Amino acid sequence: MADPSFSPGDYMNKQELIATVADTSGLVKADAVKAVEAVFDAIEASLKKGDEVRLVGFGTFSISKRKASTGRNPRTGEPMTIKASTQPKFKAGKGLKDAVN
């Protein structure tokens, strides 16, 4: 259920997420902090190993490897090399998509 005080364009920061988890779960705030941090840490650790995190109905966290490429410095126009990198990705699941539409 959507929060009526939350309008499009607003955002929820980490402290607000922790407060919401504490309120809805009945946990004290210190335990909610541990729970939220544990979830973030578990997702991060899985992605670092190259694994996906699939939360059925919510979405999938994965990584994407980007190849090195050549770009241009926007100030000087000089060619520059953009090094290869690994990027985290999130793809929303059907349940989350349905919930927000």
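**Exercise 1. Decide how Phe90 should be classed by its relative accessibility, and find the surface patch to which Phe90 belongs.**

Solution. Phe90 has a relative accessibility of 37% and therefore counts as partly exposed, since buried means under 20% relative accessible area, exposed means over 50%, and partly exposed lies in between, with a 1.4 Å probe and protein chains only. The model is a predicted one, in which local features need pLDDT of at least 70 and side-chain atom pairs count only at pLDDT 80 or more, while totals for chains, interfaces and linings use all residues. Residues are numbered from 1 along each chain as its sequence is written, and side-chain values use heavy atoms, with hydrogens and water left out. As a next step, place Phe90 in strand S5 (residues 85-92), where strands (E, at least two residues) and helices (H or I, at least four) are DSSP runs numbered from the N terminus. Finally, Phe90 forms a nonpolar patch on the surface with Leu55 and Phe58, and together they have about 250 Å² of accessible area. Such patches are made of residues with over 30% relative accessible area and no salt bridge, nonpolar side chains (Val, Leu, Ile, Met, Phe, Trp, Tyr) being joined within 5 Å and like charges within 9 Å; the areas come from the Shrake-Rupley method with a 1.4 Å probe, and for residues only the protein chains shown count as cover.

**Exercise 2. Work out the order of the strands in the open sheet, and explain why S1 and S5 each have one side without a neighbour.**

Solution. The open sheet has three strands in the order S1-S2-S5, with antiparallel pairing, and two strands pair if DSSP finds at least two bridges between them. Strand S1 (53-55) and S5 stand at the edges with a single partner strand each, so one side of each is left without a neighbour in the sheet. To check one pairing, note that three bridges join S1 to strand S2 (residues 59-66), and that Val53 has Phe61 in S2 as its bridge partner.

**Exercise 3. Find the salt bridge between Glu37 and Lys14, and state which helices this pair ties together.**

Solution. A salt bridge is a side-chain nitrogen of Lys or Arg within 4 Å of a carboxyl oxygen of Asp or Glu, and the side chains of Glu37 and Lys14 meet in one at 2.4 Å, N to O. Because Glu37 lies in helix H2 and Lys14 in helix H1 (residues 14-25), the pair ties together parts that are 23 residues apart in sequence. Glu37 is partly exposed, at 27% relative accessible area, and Lys14 counts as partly exposed at 37% relative accessibility.
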